Amino acid sequence: MRLSRYFLPVLKENPSEAQIVSHRLMLRAGMIKQASAGIYSWLPLGFKVLRKIENIVHEEQQRAGHIPMLMPTLQSADLWRESGRYDDYGEEMLRIKDRHGRDMLYGPTNEELITDIFRSHVGSYKDLPLTLYHIQWKFRDEIRPRFGVMRGREFFMKDGYNFDLTKEDALHAYNRHLVSYLRTYERMGLQAIPMRADGGPIGGDYTHEFLVLAETGESEVFYDSAVTDLTFGDREIDYDSVDQCAAVLEEFTSKYARTDETHDEVLFAEVPKDRQRTARGIEVGQIFYFGTKYSEAMGAKVQGPDGKTVPVHMGSHGIGVSRLLGAIIEASHDDRGIIWPEGVTPFHAGIVNLKQGDEEADAACDALYASLKALGLEPLYDDRNERAGGKFATMDLLGLPWRITVGPRGLKNGVVELTSRRTGESEEMPPEAAVQKIAQIYAGIA
Ligand code: ATP
Ligand code: MG
């Protein structure tokens, strides 16, 4: 993309309404624009990152054997009356009447809708196990929408639902989700720690929230610092293997890590003193096994191998796709702007032309642009007639991990400059070498 032809409404001033750095930087970098409280338009740059995050979530869900689909945003109230949640959900649910006076709602989540689909089409244990998921807009009429996309009213969420014959099978689905989430967040350059969370009115031990540590996080968390040494990495995993998935769960959840809702001072005291940590965290996902709560209330049953009809065991598993943009920025920025991890960056590299209009510099930039594109990479070429200082400031704000700087002086010696946004280190090299180096870096990103 050539910046002169893009739509990138960068703000010069710090927007006063933004209280935290991710919100401020998303507004300044022209990624989002508030449409009304907690509701945003995704401008081209923000939309690009949102799509990248969404794609990673899709890939990792499908790698785990989960099946994508799409359910609507507007739902009929009738299903929610069946489960009993129409009254329970309270003010957070946006209720709407259609022209015939029928009660509708903008879905805050989809347990009812998916259970209805399941009961309409599945009747035998032979069709299990089954995990369906979608990535769709949700609406929760949050009392205090704030922090930009972190706590919106309309937000983009992946929600998946497993259907299993037995509790044991459903717990394997739970573990499988935990593994797939670890991979998902790591690909985005994030460490998200699974922490024991509160099962709410349903109770039970089977729920974990994934938290990204950040000062601006809304949750208070308590953990053994040893959990921050754990990484999933690029290990092979067979998602059908009950033992392998259970071993990962064991590895990542046996050390103390809890949100304030489940925090236990006595257990925490058993963690060696020098490893006890109290911090803030951003919840970027949650997994949940809730047994037969919805299947019993809504009659989602299958015939088992013994001919008996039983309600299915279910769980639901969410990832805050739009919140992740904020979480990634909270975890990765400096005072000049965003620093995108390679896995989610909107453009792979920036090209800065120090002397727009100089024949040689223009030609070198055009050639770099073409070579990167030929390798399947997306460069952002700042071809505007601006001073170098302004171009650098914009690139730093946008946070592309790599920048190639092209100027007449370097070109005389046959070199351009390749700069890492993260370390600030620059290296001079021939243009082809810069292209090769960038290609190599991205080839290593799954
Ligand atoms: P919270 O405690 O932050 O209100 P939740 O526990 O109610 O979230 P879930 O029902 O677990 O949310 O939804 C799954 C994921 O969706 C959350 O882990 C979070 O990342 C994201 N999410 C929830 N509410 C919002 C919101 N208002 N804006 C943006 N993302 C959200
Ligand atoms: Mg949650």
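The following dialogue asks how some terms apply to one sheet and one metal site in a predicted model.

Tutor: Residues are numbered from 1 along each chain as its sequence is written, and chains are lettered from A and ligands numbered from 1 in the order in which they are written. Local features need pLDDT of at least 70, side-chain atom pairs count only at pLDDT 80 or more, totals for chains, interfaces and linings use all residues, and side-chain values use heavy atoms, with hydrogens and water left out.

Student: How do you know that β21 and β22 pair?

Tutor: Two strands pair if DSSP finds at least two bridges between them, strands being DSSP runs of E with at least two residues, numbered from the N terminus. Strand β21 (residues 402-406) and strand β22 (residues 416-420) are joined by 4 bridges and run antiparallel, so the pairing criterion is met. One of the bridges links Trp-402 to Ser-420 in β22.

Student: What makes β20 and β23 edge strands?

Tutor: In the open sheet, whose order is β20-β19-β21-β22-β23 with mixed pairing, β20 (379-382) and β23 (426-429) each pair on one side only. For β23, 4 bridges join this strand to β22, antiparallel, and Glu-428 in β23 is the bridge partner of Glu-417.

Student: Why is Glu-283 called partly exposed?

Tutor: The relative accessible area of Glu-283 is 25%; buried means under 20%, exposed over 50%, and partly exposed in between (1.4 Å probe, protein chains only), so Glu-283 is partly exposed.

Student: What makes Glu-283 and Gln-286 donors of the magnesium ion (ligand 2)?

Tutor: Donors are N, O and S atoms within 2.8 Å of the metal (3.2 Å for Na, K and Ca), and sites may look incomplete because water is not among the atoms. Glu-283 (OE) and Gln-286 (OE1) lie 2.0 to 2.2 Å from the magnesium ion, so they count as donors.
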